[in-house]
Amino acid sequence: MKTDKATKAPHIILMTRRFNEVSQLVVSEIVRRSNINARINAIEKWAAVADISRCLHNFNGVLQVCAAFTNSSVFRLKKTWEKVSKTTKQTIEKLQNIVSSDGRFRNLRDALHRCDPPSIPYLGMYLTDLSFIEEGTPNFTDDGLLNFSKMRMIAHVIREIRHYQQTPYKIDLITKVTNYLLDPSLLLDDDELYQMSLEIEPRTSRLSVANIATTLPNPPRA
């Protein structure tokens, strides 16, 4: 979060950027389809990808897709979500419950601790922990001594991150898939996506918008 983050934490910056790019890819793949059946197929495909990611202990991947489903350009597509199968909605709701930020990602932490390595946690969870420690605890005590309690809390977070780095996450390289996931031409910006979403389903009255929640899985709370 600091001004020198690009030099002090370049890999974290890359991880964060990659997370946003994959989420943006999912949103783009759904919204760019003008046909409702094609949008439904895209949602169901990515829900399956997210569920497979869960099975592979790739919780970062699960959250990337769930974040796309709650993106405003996708979330507001009431008519599309009405047609999504009940099974897919239940799968999405289950996944959103796992990666919910409620209780400082309580369910996600439980899922990580229960599974055997290798696994890929959501880095943002640990960044939140470190930010909370940094902002809420002083470096020095009232007596001017180094606050070892704070240092131990930071060490605990870093030790847990390093724990997940000990076992390599091996997966076969499929060049076709890699090229697809890394193709920047497939990403649409937020303004373009929202405009396309409005063209698919124009704004309705506030009463109608309020009823969207009855057809969608509950989004994770910020």
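Tutor: Let's begin with a term we will lean on: helices are DSSP runs of H or I that hold at least four residues, and they are numbered from the N terminus. Please keep in mind that this is a predicted model.

Student: Gladly! How many helices and strands does the secondary structure of the protein chain come to?

Tutor: Read from the N terminus on, the elements run α-α-α-α-α-α-α-α-α-α-α-α-α. The C-alpha trace spans about 65 × 45 × 35 Å along its principal axes. The count for the protein chain is 13 helices and 0 strands.

Student: What percentage of the residues of the protein chain count as buried?

Tutor: Buried means under 20% relative accessible area. The chain exposes about 13900 Å², with carbon and sulfur atoms supplying 56% of that area. Of its 222 residues, the share that counts as buried is 36%.

Student: In helix α4, how many of the 11 residues are buried?

Tutor: Helix α4 covers residues 59-69. Its buried residues include Phe 59, Val 62, Leu 63, Cys 66 and Phe 69, and also Asn 60 and Gln 64. The helix is largely enclosed by the rest of the structure, because the number of buried residues among its 11 is 10.

Student: Now to α8. In which helix is Phe 105 found, and what is notable about its phi?

Tutor: Phe 105 is found in helix α8. With a relative accessible area of 11%, Phe 105 is buried. Although Phe 105 is not a glycine, its phi is positive, at about 60°.

Student: Which residue other than glycine in helix α8 has a phi near 55°?

Tutor: This residue, too, lies in helix α8, and its phi has a positive value. In the contact with α9 it is listed with Phe 105, Leu 108, Arg 109 and Leu 112 on the α8 side. The residue is Arg 104.

Student: How do α8 and α9 sit, roughly parallel, roughly antiparallel, roughly perpendicular or oblique?

Tutor: Helix α8 (residues 102-114) and α9 have axes that come within 11 Å and cross at roughly 125°. Angles of 65 to 115 degrees count as roughly perpendicular and those over 145 as roughly antiparallel, so α8 is, relative to α9, oblique.

Student: Is the crossing of α8 and α9 left-handed or right-handed?

Tutor: On the α9 side of this contact are Met 125, Tyr 126 and Asp 129. By class, the contact has 5 nonpolar, no polar and 3 charged residues. The crossing is left-handed.

Student: Which peptide bond is cis, with omega near 5°?

Tutor: Look in the loop between α8 and α9, where Pro 118 has its place. The cis bond is the one from Pro 117 to Pro 118.

Student: Are α9 and α10 roughly parallel or roughly antiparallel to each other?

Tutor: Helix α9 (residues 123-136) and helix α10 (residues 148-165) have axes 10 Å apart and pack at an angle of about 170°. Angles over 145 degrees fall in one class, and the two helices are therefore roughly antiparallel.

Student: How many residues of the contact of α9 with α10 are nonpolar, polar and charged?

Tutor: From α9, the contact includes Leu 130 and Ile 133, along with Asp 129 and Glu 134. Across from them, α10 brings residues including Met 153, Ile 154, Val 157 and Ile 161, and also Lys 150 and Glu 160. The contact divides into 8 nonpolar, no polar and 4 charged.

Conventions
Residues numbered from 1 in each chain as written. Predicted model: local features only at pLDDT ≥ 70, side-chain atom pairs only at ≥ 80, totals over all residues. Heavy atoms only, no water. Axes fitted to C-alpha atoms, helices over the stretch in contact; angles between N-to-C directions. Parallel < 35°, antiparallel > 145°, perpendicular 65-115°, else oblique. Contact = heavy atoms within 4.5 Å. Nonpolar A, V, L, I, M, F, W, Y, C, P; charged D, E, K, R; others polar. Left-handed = near helix turned anticlockwise from the far one by under 90°. Buried < 20%, exposed > 50% of the residue type's maximum accessible area, 1.4 Å probe, protein only. Areas by Shrake-Rupley, 256 points an atom, 1.4 Å probe, with all protein chains shown as cover.
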